[in-house]
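Reader: I am new to this and would like to learn how to read a protein structure. Could you take me through one step by step?

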Amino acid sequence: MVKTCKMCRGILVMAAVVWMAGSQAGCTRKFYRKQADKEVNAVLREKDIFDRWKIEGMYVYPHPMARHADPTNPDRPPMPPDDAAALLLGPNPQKPGHKGPQRIEETGYFELLATWDQQNRLERAAKEGGDVKLAVASRDVPRGHRGDWTPYDPDAGVARSKPYLLRIEQAMELGLINSREFQSRREDLYLSALPVTRERFGFAAQFLALEQNVRERTGQAFGVGAGDRWQYASTAGMSKLFSTGALLLVGFANQTVLELGGGAVNKRVTNTSGINLDFIQPLLRGGGKAVTLEPLTLAERNLLYDIRNYARFRKEYFQYLIGGGDFSIAPGSVTAAGSLAASHPLTGTLQGANPGRQQVVPAGLGSVGGSAVPGTLFLQINPVGVSEGFLPALYKSSIVKYEEANVKALSDILALFDSYKEGGQVSSLQVDQVNQQLLQGRSSLLAREQDKQTSLDLFRAQLGIPINVPLELDDFTVAPLTEQIAEYSDALEDYKVTVKEINGLYVKVAPAQMRAALEKIAFASPLTKTTPLFQKRFPAEWKLWRSYDDETIVKKLREEGFRKRDLLNRRTDVGARPRTPEQQKELNDVQEKLNAVESKMAAGRLEESLRKYKDAPWLKLKEEHQKKQVQATLWHKLYNAFLDVLLDANNERYETLRPRWAGPSPAVIDGVNVVDADLEAAYELATQAALEKRFDLMNARAQVVDGWRQLRVFANGLMGVFNLAYHMDSSTPPGASAPFAFNSSRTRHQLVMNFEMPLVRLTERNAYRASLIAYQRSRRDLQQKEDQIVAQVRADIRQLQVLRQNLKIQQQALELAYRRVESSYEIFTAPTVPDNSPNAAANAAALTNQLLQAYAQLPQAQEQVLKTWIDYQIARQQLFVDIEVMPLDARGVWIDEFANRTSDRQFPQRQRQLPAGKTNP
């Protein structure tokens with residue numbers, strides 16, 4: 001007996017030690033974190049079967065290159081630096097490690113920026129024909145940052161001769177890595193999968209193991225008498241919930257008492273055990289798949305909704321980062337699974353009364369499973385960055401160049417006016433006017449530069465990089481537009497150079513050599529070099545007029561004048577009424593003939609005025625002032641006649657530039673460009689696509705069904721209770737040491753039927769009535785959402801068509817602005833006939849105002865064209881987001897627009913580990 005007691009005691013002690021060690025093995029923070037990751041990955045892998053909302057770019061741990069990456073132990077991160085006042089005034093039960101507080105901020109993304117910058121500048125230098133070796137700036141790439149609460153090292157990544165040059169698709173890649181909003185949305189998806197694992201676990205077999213050891217000593221007068229003993233109580237059990245609401249409970253309990261007092265012969269071991277089994281099937285309240293599976297159903301469906309929301313978020317993020325849009329669902333909000341759908345207005349009222357887990361649970365074995373309840377962690381502290389966007393920031397950066405060009409042009413005009421003032425052609429007042437506008441231009445340039453820097457700061461915040469990182473946005477996206485504007489600017493400068501060269505002929509060239517000088521300008525000036533039609537037509541026309549004598553020239557000019565008048569009358573008659581295609585063709589023919597007549601007359605007037613100037617009649621006069629006046633008058637006529645000839649060349653150059661405007665990108669839906677289509681037809685195509693393809697609308701339709709299912713769940717709570725149960729328990733002989741001596745004689749079997757009449761159901765009644773209202777509201781919510789989507793898409797179509805037309809208008813307005821600058825510059829710098837009349841000063845002041853107004857309106861026209869074009873691109877992107885037709889590549893870049901450009905460097909992305917998922921019960 002003594003040996004048996006020692007053996008039993010040794011076995012029990014060893015079992016207790018093994019149990020305690022085993023219960024702790026593997027139950028570490030890392031174990032539970034890895035287990036959660038594994039199960040969530042399995043769930044996501046199981047759900048990731050639809051290509052339309054495929055899970056892309058999903059990694060719950062920050063990318064190792066991200067600024068917010070944390071390379072420390074994720075389960076035991078170092079304590080961050082605390083606020084000094086909070087540290088002083090409150091208790092501090094937790095202490096930092098031996099390294100002390102640490103602030104973690106990674107800088108691996110600088111490697112990407114440096115690599116992209118080098119490649120972008122090399123490509124730009126090769127395109128522009130610059131020095132490739134000088135294109136790349138030296139830079140210091142930080143490797144990491146540890147320190148106090150200093151947000152970032154002021155010199156980290158900033159010691160550069162040039163800023164980092166960034167393209168639009170590279171900005172998306174950087175956002176995919178570094179954006180705080182994007183990382184929060186990934187975590188939202190992860191958190192949405194966690195309740196699924198919990199709800200599935202509620203239907204798995206769950207085991208229970210408890211151990212209690214008591215060392216006890218009692219006195220003589222105590223109820224059980226004097227004694228010195230050890231008591232060991234062990235409990236093990238298993239429970240299983242079935243989809244019908246049935247619950248299986250199996251329990252095993254063992255109690256061992258080891259008496260230690262009274263000497264060795266009195267030592268005694270008592271070991272008794274008990275086993276019980278319960279099977280409960282609710283037949284009314286709490287029974288059936290509709291009620292039991294509802295929390296799991298909601299968890300599974302909510303995860304699907306969040307997967308689609310994540311796929312839509314990726315498109316919205318493209319618009320947010322590139323166009324400056326907003327999010328329909330802010331990152332950082334997680335749908336609560338196991339409760340009513342989040343879209344139901346009465347979620348808060350109904351959530352606490354959800355009877356989805358009404359199981360009968362015997363006392364002592366704990367509950368099995370439970371509805372998913374949102375945690376109380378700080379998951380909502382995720383503000384969204386200000387929506388700026390790549391294209392708006394690029395616009396504000398680009399218009400600075402136009403303001404700079406305007407300041408330079410006004411500086412040149414001021415120098416011209418200073419020279420005119422010395423010659424007495426303008427007054428000090430006019431010089432001051434030019435200087436005042438120059439100062440206004442410089443002030444405007446400062447404001448534009450401030451807007452540019454503010455915009456870049458906001459865009460850096462969107463990217464999640466430090467605000468002081470030098471950044472330059474590549475203008476590849478707007479290059480077709482800016483290059484066209486540059487062509488117009490070149491044409492203006494060529495015209496001004498030509499006008500200045502003509503003005504110099506009056507002093508530098510004698511009348512006898514004037515023809516040769518004019519021929520050189522007409523055939524070799526920058527203005528006419530790019531006008532092949534003029535180069536071909538004008539020499540032949542001028543040669544013909546040179547063959548006529550003076551009388552013939554006058555006669556021919558009169559005849560051409562009559563032809564011009566007839567053509568003008570015909571153009572007026574044809575253009576005054578609605579035109580058929582044939583009449584439009586007739587109008588074009590009339591205009592072409594009219595242009596030919598005007599060109600011919602301009603060559604004739606040039607020849608006529610040139611002959612008169614070559615004759616130099618002023619040499620025959622005696623009075624000096626008369627000589628100057630006659631020469632100036634003849635030169636003025638020759639100057640105007642020659643500019644009329646060059647007007648053909650200038651018109652040809654503008655006609656060559658006009659078709660080269662970058663047309664707006666089409667918005668094609670089902671093979672139809674809705675920008676050019678009939679408005680009603682475009683409405684029909686776009687709204688149909690949106691109603692069929694919008695992910696959030698799919699979720700809204702499914703959530704109406706969620707509300708419909710809740711009706712049955714809450715109606716179940718109105719029923720009475722009728723539970724059919726089976727109970728069995730058995731025990732070993734009391735007072736003996738036979739822990740496994742179960743016998744049928746000590747076993748009991750029971751069939752139990754529990755009834756409860758539904759006499760008091762006020763709370764359940766109110767919840768049921770509220771669920772009916774919630775369902776009706778969900779139907780109205782779906783209707784409202786459909787109407788909102790249709791209204792938004794229709795507004796997108798209208799805006800696109802208006803912007804397309806407005807872009808054409810602004811392009812024409814810009815051309816007119818350049819023409820106006822040319823005309824005002826030409827008129828102001830034109831030679832004048834000596835005039836001592838009192839109107840001369842007024843005319844000079846009027847010409848000054850005209851010139852300054854033309855220069856003031858030119859940068860406005862340039863900026864308006866660029867703004868309209870960028871607004872069109874943003875509106876087009878928004879349309880494709882709103883109709884859910886924006887395919888993205890793995891970088892999050894829109895395939896239709898930018899993904900065809902190869903990525904300069906593929907960043908090392910974390911590979912998702914998605915093992916085989918669990919199946920539903």
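Author: Happily! Let us start with burial: a residue counts as buried when its relative accessible area is under 20%, and as exposed when that area is over 50%. Please keep in mind that this is a predicted model.

Reader: Then is Gln462 buried or exposed?

Author: Gln462 has a relative accessibility of 0%, so it counts as buried. This residue is found in helix α11. A polar atom of its side chain lies 2.9 Å from the backbone oxygen of Tyr320. Beyond its neighbours within four places in sequence, Gln462 is in contact with several residues, including Ser179, Tyr317, Leu321 and Glu388.

Reader: How much of the protein as a whole is buried?

Author: Of the 921 residues, 44% count as buried. The protein exposes about 46,600 Å², and carbon and sulfur atoms supply 56% of that area.

Reader: And how many of the residues of helix α5 are buried?

Author: In α5, which spans residues 168-178, 11 of the 11 residues are buried. Among them are Ile168, Met172 and Leu176. The elements that cover the buried residues of α5 include α4, β3, α6, α8, α10 and α11.

Reader: Let us turn to strands. What holds a sheet together?

Author: Strands of a sheet pair through backbone hydrogen bonds, either parallel or antiparallel. Here, six strands form an open sheet in the order β4-β5-β6-β7-β11-β12, with antiparallel pairing. The strands β4 and β12 stand at the edges with a single partner strand each, so one side of each has no neighbour in the sheet. From one strand to the next, the twist averages 15°.

Reader: Which residues stand opposite each other in β4, β5 and β6?

Author: Gln231 in β5 is a good one to follow. Val214 stands opposite Gln231, and in β6 the bridge partner of Gln231 is Val257. There are 13 bridges between β4 and β5, and 13 bridges join β5 to β6. In the hairpin of β5 and β6, five residues lie between the strands, and Gly245 takes a positive phi near 95°. Further along the sheet, β7 and β11 pair over nine bridges, with Ser730 in β11 as the bridge partner of Ile275.

Reader: What about charged side chains? How many salt bridges are there?

Author: The count comes to 56 salt bridges. In one of them, the closest N and O atoms of Arg200 and Glu300 are 2.8 Å apart. This pair links distant parts of the chain, with Arg200 in helix α6 and Glu300 in helix α8, 100 residues apart. Arg200 is buried, with a relative accessible area of 9%, and Glu300 is buried too, at 8%.

Reader: Are Arg217 and Asp228 buried or exposed?

Author: Arg217 is exposed, with a relative accessible area of 65%, whereas Asp228 is buried, at 13%. Their side chains meet in a salt bridge, 3.2 Å from N to O.

Reader: Why are Lys867 and Asp871 separated by about one helical turn?

Author: The general idea comes first. An α-helix has 3.6 residues a turn, so residues three or four places apart point the same way. Lys867 and Asp871 are four residues apart in helix α21, so about one helical turn separates them. The two form a salt bridge, with their closest N and O atoms 2.8 Å apart. Lys867 is partly exposed at 33% relative accessibility, and Asp871 is partly exposed at 26%.

Conventions
Residues are numbered from 1 along each chain as its sequence is written. This is a predicted model: local features need pLDDT of at least 70, side-chain atom pairs count only at pLDDT 80 or more; totals for chains, interfaces and linings use all residues. Side-chain values use heavy atoms; hydrogens and water are left out. Two strands pair if DSSP finds at least two bridges between them. Helices (H or I, at least four residues) and strands (E, at least two) are DSSP runs, numbered from the N terminus. Axes are lines fitted to C-alpha atoms, for helices over the stretch in contact, and angles run from 0 to 180 degrees between N-to-C directions. Buried means under 20% relative accessible area, exposed over 50%, partly exposed in between (1.4 Å probe, protein chains only). Contact means heavy atoms within 4.5 Å. A polar contact is a pair of N or O atoms within 3.5 Å; within protein, one must be able to donate a hydrogen and the other to accept it, and residues adjacent in sequence count only if both atoms are side-chain atoms. Accessible areas come from the Shrake-Rupley method with a 1.4 Å probe; for residues, only the protein chains shown count as cover. A salt bridge is a side-chain nitrogen of Lys or Arg within 4 Å of a carboxyl oxygen of Asp or Glu.
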